[in-house]
Every structure is written in structure tokens, then in C-alpha cells.
Amino acid sequence: MQSQPDMVRDKAANLLNDLQDISFVQITFILLLSLGAIWVIRKTIPFLADRVPSRLRLYLLRAVPILRMIIIITALLWIIPLIFNITLQNFVVIAGAASVAIGFAFKDYVSSLIAGIVAIFERPYGPGDWVEIEGDYGEVISLGMRAIRLRTASDDIITVPHDTIWSHNISNANLGSQTLMCVAEFYLDPDHDAAKVRRELVDVALTSAYLDYRRPVLVMLKETEFATRYSLKAYPFDMRDQFKFVSDLTERGKEAIRDAGARPVSMPNFAANP
Amino acid sequence: MTHPVTFRPLGQYNWPSSPVNRGLDTVLSQIKKKLRPPSKEAGIDPEKLGLAPDRFLSRIAEPPAHFPLMAELNETLANWVTQAPTTDRVRTFVLPPCDRENLLGQWAEAHGLQVFAIDRTLTELDALDDPEASPLVIPKLERRFLRSRDGLHDIRCLLDRLATMERRIIIGCNSWAWQFLRKSCEIDLIFAQPMTFQAFGKQRLRSWLGTLALDPADGKNLCFRSSTTGQDVFGNGEGETEVSAFMTDLAKRSLGIPWVAWHLWRDSLHVEQDPSEDTDPSEIDSNQETVWVTDLRSPTLPSRSDQNALLVLHALLIHGGLTQDQIVQTVPLVSYTHVLASLQRVGLIDKTDGFYACLPAAYPAIRDALNNNGYPVDSL
């Protein structure tokens, strides 16, 4: 009869199941099934999201990382017992070995993976959101396990690892909403009728074809050292139109300012008239 | 004899279907068609059908498209128009767009009331401010402004005058313009308690279109049969109390708007062509006993990628109709485009007397497309 320490040693020695007991076919099948399911989800959901009513688009896009996480966890829980002999002692051994490996070799990678899981629940960003991270502003077009991808207004694709959320501020312009505030700024020579300009700028926003009627229109004034700054703030009905909306506000805002008898300032004028 | 129903306060419109239902219906009917092609024995081969001639159509589906609403409007306003002037000075009617025959204007003419026409100026309005006179009717407020800074100034001046007039007034405005004016001019604070008609459900549509369909020319009872099922579209559906599937579909597709339903109905009426003769559809012998009713078709709609088209359609709905120059003033068409020609070609808009406007039969599809793409839509 074996003593207690001998039994523990035997079990610990059987960290892996016997090779002949491991079904590699089954493991391959699970891996292929999971990868296939993830591939299908990554292709079909964004495809559908561009075709369903716009109010449903973000809900669909946000489902991608959640479904992917569920598939990965399910696959891991399925595969691990097929390979490892799971006991408390073995778990401690595996966790110890994994900690050493992660600590030395894959620290940043695993940090990003964990940050990715945290990001799914904390939602500092999600697919379809417009975010600014370390000076880069763009739409989150994909939320991967390790990193997100942003598409900027100039159509650049920027990859940002998830572990950025540990150390940097994430500025999210819409946070899951359909729209976001757009700001068109104007710098005017201080000698003008501010009330009239303000009214005209409100009308510029109210007559924009991109305006979301449900949201407010605001005009803010601030006196700066060299000009009066006007910030015309309004919301487009679809955040994908934000640059067109701001361009429309700016174009017609300039005309309104001219009609109101005010004069924009520019650097050459400023330099010529100190 | 039953009394016509009256108009209801805005916000109580009972939509016969939601955009989701219509979307699902469309998808399901497409799947059904693919899985089970229509039986030619029950209905008729679509190849054998031709459009019903206009003369025949004017007998079996005569205008105006808003006919039943005349009586309802009369019932709603009869007491108010005849009573002595009171503090209750304004009646406002918010109607869905594409009312091409000008319901309120025609009603005013029929009752001998003065109409403030679109081409008349504000100075002329001041001259009409007689508190003892009969109500002044101002139909189609949407035609009195442009969605531009100058346009806002004009409509605000008009609204200011109307708010201070002592004469009783009846104002008509389309529901898309109303939404825009609520945001830009707070029109709902000036003219409280606007009203709209009650939606035309399947029963009311069957009753109205069935009355129209009695051919007054020779008193002949025509038979209106579905070209796919062969069933009488005015007959009962599967349950005895139910109307036919076509009428149910018509009520849903038309959003309960009579002029939309009327146009959809006329578009669906066909007659059998004589295969032996190569005849022009307009010359078909109209002396037929069976009129074939084809399934309602949805026009091809622009997607989000065709944003110019959606922007133009939205502007046309707000204004009820625009000239090309006005479209350029209200829609930010930055690049060179032939969007108007393409919208005309696919049957979403037409051009009459220089004005582009959405076709009534295409309105439900246009509304769904704008709604799906996040545009601000009307509310009844």
C-alpha cells in the first residue's frame, strides 16, 4: 500500500495524460471548429452590421469580441482536460511554470491579452467607437485579442495594443452611442456684433442636412489673446458623417459670419496688425 | 349611416406596421417566392398581363386619392368653422407627405374659405387679418420655406405674424417639415395640439377601394383577382372576419396613408392582354370582367453608400417638392452628380412643372430607407 506522499508524487508526475490517451484528432477538430467559428463571426457580423438599420450597427459590432471570447474559453475548457491531468497539485505546477514563462518571455503579450479581456467588460472602447489614443483619432474597426485597429480620417490603419489602457488616457467620442459631438471653430476679429454672429451660427447648424434633431445645438464664445473664438457644437445623426458635417458647418459658417458683418482673423493679418 | 371618423391629436396615429415588420415581411415573401413559385393554375402568368389603361383606371379607381379624408376633415372642422370667433383661433393639421392633390386646399375651396396661396407675400397676409372673417386656410406650410438660413428667417417671420393674427386660421403642414420646424422654430409651442387623420387599416381600405371599384360606366361588377393566388382581393381571407392577404399587405405597405394606398392600388391593377395581337398597353380593350391585381413591389432603394440620393430624398420630403436650384441650396452636394436623374430612373421621384418630388407609391420605401440610415424621420 502506498503512503500519502507517494500518491501525491505519482499524481503530480502524471501532469500530462498518457500520450495514447490524448485524442489529437479531437483536439484538432476543436481547434479547427473554434477558429472556423471565429472566422465566420469576424466576417459575417461586420458584413451584416453595414446592412442593418444604423441603430443596430454598434450592437452587432460589439458582439464580435464577446462571442470570440466565449468561443476561446469554451475551446480551452474542452481541450485542457484532454491534455492535462487536472488536480490541485497539477494546477499549482502548471500555474507556476506558466508564471515563470509569462514573467520572462511573454509579459507584454499576456498583459495585452488580459487588458483585452478587461476592455470587453470595462468598455473604454468598442468596435465602431471613435477614440483618441496617444494623439491618434479614428474609428475602432476591429477589436482583436491583443490589440485594436483604428482607421483615421486620412484612412491610415493604426494598431494599438490593449495594454495601453493601463498607462494612457482613452478619449472616446461616442462611447457606444450613434452620434458624437462635432465642433466647428471660428476665430473672429473681436470688433463685431457677437449676439448676431451667435444667432447666425445656430441657424447654420439647424439648417445642416446632417443634423440630429434630437440633440442640442450650442455656440460657445471665448475671448482669446488675438481673436474671439466661436465653437459651434452640434451632433450629426450618424457619426460616420462627422467630417462632412464639420465641413458643412465650416463652409456655411464662414458665409454666415461674413453676412453678419464679422471678419475672420488669420495669421498673416495678425502679423501685419500687431 | 355611420358618421365619418374625425382627426386625432398628433401622436395617436396607429401605424399598421413597423419598419421591422415590413422588413421581415419582405424577406419572408422573397424566400416564399423562391421556395414555392406561384401556381399558374390558380392565378395567371404575369407575362400575359399588361397595365390597365388610364381611362379604365379612372373609372375603377378614380381620383382624388384623399377622397375619404374630405368627409373626415369636414366632420372634424364643421362646428369650429361655423361657430363665432373664440380664443381657440388656430387649427393645425399635420399630414404625411406626397399629398399631391392638396387635401386642405381642396377642402377649403369646397367650403368657400379663403386660401392664402403659396405665392402671396407677408404684406398681403396683414391685409387679410380680419377677426370677423371666416377662417383663413394656409395649406402646405412646407412649401413656404427652404432649409437654409434665409429660409429660416422667412418662415420665422411668417410664424410670428400667424401667432399674432386675430383671424381664425387653419394651417396644414407635412409631417417631415413639422419635425424640422419643431427643432428650428419651436412651431409646436406656437400651434399647440396639431391633429392628423386616423390610419387607414385593411378594413377601411377594403371598404373605400371596394366602393371605388364598382364600375359606374355600365354597373358591371368587376372581379379583382390576385394574379398569384387567383383569389378575390375584396373577399375574405382565411378567417371569415379577415380581409384578403393583399388588403392586409396594402395597409402595411401604405403605412395607412390613403393617397399612398391609392397609388399602390392603381399600380397593381392589370388586365389580360390578348396574346394573338401585339397591342400597346394603352390600347387594351377595357371591357373586361376580371382585373388582375399583382403583388406590391418595392422600388430599388439607395444604400448608405449612395448618400447624395438619401440627402436629396430627405430634403424633398421636408419641402414637399423642390426645383433643381432649390435642391442645390438645401443639400450639400459637393461633387458633380446626376443623382436626380438616377432617382427618377429607379422610380423614386418625378418632375412636374420643374419641381422634383417623391412619388407617393415610393414613399413607404423611402421612409424606411431614411429611417434605417439614421435620418430624422417624421412622427405622426
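**Figure 1. The surroundings of Val219(A), a buried residue of chain A.** In this predicted model, Val219(A) counts as buried because 21 other C-beta atoms lie within 10 Å, where 20 or more are required. Val219(A) belongs to strand β7 of chain A, and its bridge partner in β8(A) is Leu232(A). Once neighbours within four places in sequence are left aside, the residues in contact with Val219(A) are Arg198(A), Leu201(A), Val202(A), Tyr230(A) and Leu232(A). Lys233(A), which is 14 residues from Val219(A) in sequence, lies 6.1 Å from Val219(A) in space, C-alpha to C-alpha.

**Figure 2. The three-stranded sheet of chain A and the helices that lie across it.** The strands of this open sheet follow the order β6-β8-β7 in chain A, and their pairing is antiparallel. Because β6 (182-188) and β7 (218-223) of chain A each have a single partner strand, they stand at the edges, and one side of each is left without a neighbour in the sheet. From one strand to the next, the twist averages 20°. The antiparallel pairing of β7(A) with strand β8 (residues 228-234) of chain A extends over six bridges, and the pair formed by Val219(A) and Leu232(A) in β8(A) is a bridge between these strands. Helix α7(A) lies across β6, β7 and β8 of chain A and runs at about 25° to β8(A), whereas α8(A) lies across β6 and β8 of chain A and runs at about 30° to β6(A).

**Figure 3. The five-stranded sheet of chain A.** This open sheet has the strand order β4-β3-β2-β1-β5 in chain A, again with antiparallel pairing. Its edge strands are β4 (157-161) and β5 (170-172) of chain A, each of which pairs on one side only. The twist from one strand to the next averages 40° in this sheet. Strand β3 (residues 147-152) of chain A runs antiparallel to β4(A) and is joined to β4(A) by five bridges; Arg151(A) has Ile157(A) as its bridge partner in β4(A).

**Figure 4. The packing of α2(A) against α3(A).** Helix α2 (residues 24-49) of chain A packs with α3(A) at an angle of about 180°, and the two axes are 9 Å apart. The helices are therefore roughly antiparallel to one another, given that angles over 145 degrees are placed in that category. By class, the contact of α2(A) with α3(A) comprises 21 nonpolar, two polar and three charged residues.

**Figure 5. The domains of chain A.** The assignment divides chain A into domain 1 (4-119), domain 2 (130-172) and domain 3 (182-272). Taken over C-alpha atoms, the centres of domain 2 of chain A and domain 3 of chain A are separated by 29 Å.

**Figure 6. The contact between chain A and chain B.** In the predicted model, 16 residues of chain A are in contact with 17 residues of chain B. On the side of chain A that touches chain B, α3 (54-83), α7 (194-206) and α8 (242-259) of chain A each supply at least two residues, and α7(A) gives the most, with four residues. The residues on this side of chain A divide by class into seven nonpolar, three polar and six charged. Two of these helices also appear in Figure 2, where α7(A) and α8(A) lie across strands of chain A.

**Figure 7. The domains of chain B and the contact of domain 1 with domain 3.** Chain B, in which buried residues make up 40% of the 380 residues, has a secondary structure of 15 helices and 12 strands. Among its contacts between residues at least 6 apart in sequence, 78% join residues at least 24 apart. The chain is divided into domain 1 (39-62 + 200-293), domain 2 (84-196) and domain 3 (307-372). Eight residues from domain 1 of chain B and four residues from domain 3 of chain B take part in the contact. On the side of domain 1 of chain B that touches domain 3 of chain B, helix α11 (residues 258-268) of chain B provides the largest share, with five residues. This side of domain 1 of chain B has four nonpolar, two polar and two charged residues.

Key. Residues numbered from 1 in each chain as written. Chains lettered and ligands numbered in written order. Predicted model: local features only at pLDDT ≥ 70, side-chain atom pairs only at ≥ 80, totals over all residues. Contact = placed C-beta atoms within 7 Å. Nonpolar A, V, L, I, M, F, W, Y, C, P; charged D, E, K, R; others polar. Pairing = 2+ DSSP bridges. Axes fitted to C-alpha atoms, helices over the stretch in contact; angles between N-to-C directions. Domains from an automatic or database assignment. Parallel < 35°, antiparallel > 145°, perpendicular 65-115°, else oblique. Buried ≥ 20, exposed ≤ 12 C-beta atoms within 10 Å, placed from the backbone.
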